[in-house]
Amino acid sequence: MGVEGVGWGSALASLMFIWAVARQYFPYGPLYMYFHKYIDKVWRFFYPYIEITFQEYTGERMRRSEVYATIRTYLSTNAAQQAKRLVAADHADKDHKHGLLLSLDDFEQVTDDFDGAKFWWTSQKKKTQRSIVSWYPSQEEPRYYRLTLHRRNRHLVDDYLRHVRDRGKEIEVSSRQRKLFTNNPSTNWYGYRRSVWSHMVFEHPATFNTLAMEPGKKEEILLDLDKFRTGKDFYRKIGKPWKRGYLLYGPPGTGKSTMIAAMANHLDYDIYDLELTAVKDNTELRKLLIETTPKSLIVIEDIDCSEDLSGKRKKKAAEEDESDQNPPHPPGARKEEDKKISKVTLSGLLNFIDGLWSSCGGERLIVFTTNHVEKLDPALIRRGRMDKHIELSYCCYEIFKVLAKNYLGVDSGHPLFETVRVLLGECKITPADVAENLMPKSYNTEEAGENIRQCLQGLIEALKKTKEDEFIQAEESSKKEGEEKAEGKEKTEGKEKMEGKEKTEGKEKTEGKETVKEASSKDISNGF
Ligand SMILES: Nc1ncnc2c1ncn2[C@@H]1O[C@H](COP(=O)(O)OP(=O)(O)OP(=O)(O)O)[C@@H](O)[C@H]1O
Ligand SMILES: [Mg+2]
């Protein structure tokens with residue numbers, strides 16, 4: 001270790017060396033233990049330094065430690081100047097032009113000065129014994145930072161660590177870029193520096209200004225988000241974990257994903273886009289949850305498409321299996337299916353949302369999107385789990401006005417707006433389709449007026465076409481319905497006729513039988 005200028009250090013090192021040589025001649029036993037104990041005590045008594053370690057994983061090594069990350073960021077400034085071996089990672093750094101975070105490589109050391117005292121930092125890693133159940137990658141040794149300081153500077157420890165934390169956070173904030181995470185398949189969770197989530201920089205430009213929806217509804221959502229962000233004390237007071245669930249539902253192309261991006265940008269949160277089909281079971285789901293950080297949105301898109309989440313569906317599958325009508329599964333087919341299907345269950349997901357683990361860390365929004373809200377299990381979306389249900393629907397005039405302003409820079413004064421308003425009231429078109437029609441044909445500002453007219457005209461044509469299609473569709477379906485009704489009627493009449501016939505025949509038969517019966521009884525009586 002590079003602790004400087006200490007005569008004691010070399011004296012103790014010599015003592016330890018002598019002991020290391022001498023103990024080879026001691027057989028392991030009581031005498032060995034006796035000497036070992038006392039030499040250790042002497043060493044600790046004279047060793048003039050204090051050592052503090054900061055582990056990379058905390059809480060039974062299940063979570064990456066925030067303190068560890070902050071120290072790493074703090075040391076990046078010193079590391080760049082002092083260390084000989086560094087590790088570089090992508091970093092959105094406004095001060096460092098290369099956009100890289102340089103941290104200490106394993107067993108490297110840097111010195112820091114604070115209030116006239118010296119502090120030494122080393123990056124270390126531990127060899128671990130393999131355990132059967134391990135929360136951190138088994139092939140990767142856990143790392144830790146070791147801080148060493150002289151005993152006489154002990155009174156500075158608190159101030160120094162506060163300084164490290166504050167400065168580290170400052171650097172983190174100044175260089176923060178939001179991240180978009182996605183879960184790795186669990187086969188990639190182990191190995192050197194692997195992790196359960198992969199990320200890239202999140203750069204979606206959507207904001208609540210560009211998001212087209214009714215102004216009242218938008219205002220309400222913004223208020224709700226702001227209330228959530230500043231609600232730490234309130235949530236503590238009412239005894240609820242600091243998290244909130246949002247369910248966004250509506251047809252495809254109505255802005256659900258766009259709204260998630262706008263939410264993340266508004267709150268300045270990271271996004272964890274959870275791909276449920278890649279999660280093998282509930283344990284993996286919990287592990288993923290533990291590895292998310294506060295100030296984040298955890299998103300599960302198209303939740304209705306995730307098989308096996310509804311109790312109803314499971315029951316149905318079981319019924320189908322039992323049914324005699326279904327051909328039996330060919331041997332091995334069921335096993336193959338099982339391998340592919342995620343075993344995340346509805347109860348696993350419910351636990352993910354509001355089980356005890358979900359309260360770790362706090363300040364998280366859980367967002368589900370779906371095109372078919374009616375398919376979801378009511379338990380999944382009840383208030384308390386999905387606190388706010390937001391419907392994103394087909395384009396109305398209010399939504400169109402926002403899109404026209406965003407895409408063409410034009411507002412309600414335009415003469416073609418009235419035609420659009422009337423047509424929007426007469427057909428269903430998604431904001432995505434409207435937006436596509438409003439894409440300007442050129443960015444040349446001199447042609448802006450013509451551009452606007454062309455776009456609006458194009459939109460009017462599209463609306464007319466949609467209206468026409470809807471009309472034809474409605475006609476076809478009413479025709480089909482009529483046919484089905486007629487068919488049903490014919491069937492019923494046929495059935496009734498058959499039944500009538502059967503009844504008459506039955507009656508006749510019975511009467512015949514009765515006559516026979518009478519005759520036979522007569523015969524019998526006659527016979528007597
Ligand atoms: N309300 C809206 N405001 C602004 N743009 C919108 C809106 N709705 C749709 N768009 C535009 O349409 C495109 C598709 O929208 P988005 O992906 O958000 O739809 P979605 O509801 O998530 O659809 P899906 O259910 O298929 O995932 C977006 O890129 C965006 O440009
Ligand atoms: Mg979407």
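A nonpolar core is taken here as a set of buried Ala, Val, Leu, Ile, Met, Phe, Trp, Tyr and Cys residues joined through C-beta atoms within 7 Å. In the predicted model examined here, the largest such core has 59 residues, and the residues with the most contacts inside this core are Ile260, Leu297, Val299, Val367, Phe400, Leu403 and Val434. Helix α7, which spans residues 256-267, provides the largest share of the core, namely six residues. Apart from this core lies another, of 13 residues, which includes Leu102, Leu104, Phe119 and Ile171. In soluble globular proteins, nonpolar side chains tend to be buried together.

The surroundings of one member of the larger core can be given in detail. When residues up to four places away in sequence are not counted, valine 299 touches Ile260, Ile271, Tyr272, Asp273, Leu274 and Val367; among these, Ile260 and Val367 are also listed with the residues that have the most contacts inside the core.

Across the chain as a whole, 16 helices and 15 strands are assigned, and 20% of the 528 residues count as buried. Of the contacts in the chain with a separation of 6 or more, 73% are accounted for by residues 24 or more positions apart.

Four of the strands form an open sheet with antiparallel pairing, in the order β1-β8-β7-β6. The edges of this sheet are strands β1 (49-55) and β6 (109-114), each of which pairs on one side only, and neighbouring strands are turned against each other by 25° on average, direction ignored. Strands of a sheet pair through backbone hydrogen bonds, either parallel or antiparallel.

At one edge, β1 is joined by seven bridges to strand β8 (residues 143-150), the two running antiparallel, and glutamate 51 stands opposite threonine 148 in β8. Threonine 148 is also the bridge partner of tryptophan 120. Between β7 and β8, which likewise run antiparallel, there are seven bridges.

At the other edge, six bridges join β6 to strand β7 (residues 117-125) in an antiparallel arrangement, with glutamine 109 standing opposite threonine 122 in β7. Strands β6 and β7 form a hairpin in which two residues lie between them, and aspartate 115, located in the turn, has a positive phi of about 50°.

How values were computed:
Residues are numbered from 1 along each chain as its sequence is written. Chains are lettered from A and ligands numbered from 1 in the order in which they are written. This is a predicted model: local features need pLDDT of at least 70, side-chain atom pairs count only at pLDDT 80 or more; totals for chains, interfaces and linings use all residues. A residue is buried if 20 or more other C-beta atoms lie within 10 Å of its own, exposed if 12 or fewer, and partly exposed in between; C-beta atoms are placed from the backbone. Two residues are in contact if their C-beta atoms, placed from the backbone, lie within 7 Å. Two strands pair if DSSP finds at least two bridges between them. Axes are lines fitted to C-alpha atoms, for helices over the stretch in contact, and angles run from 0 to 180 degrees between N-to-C directions.
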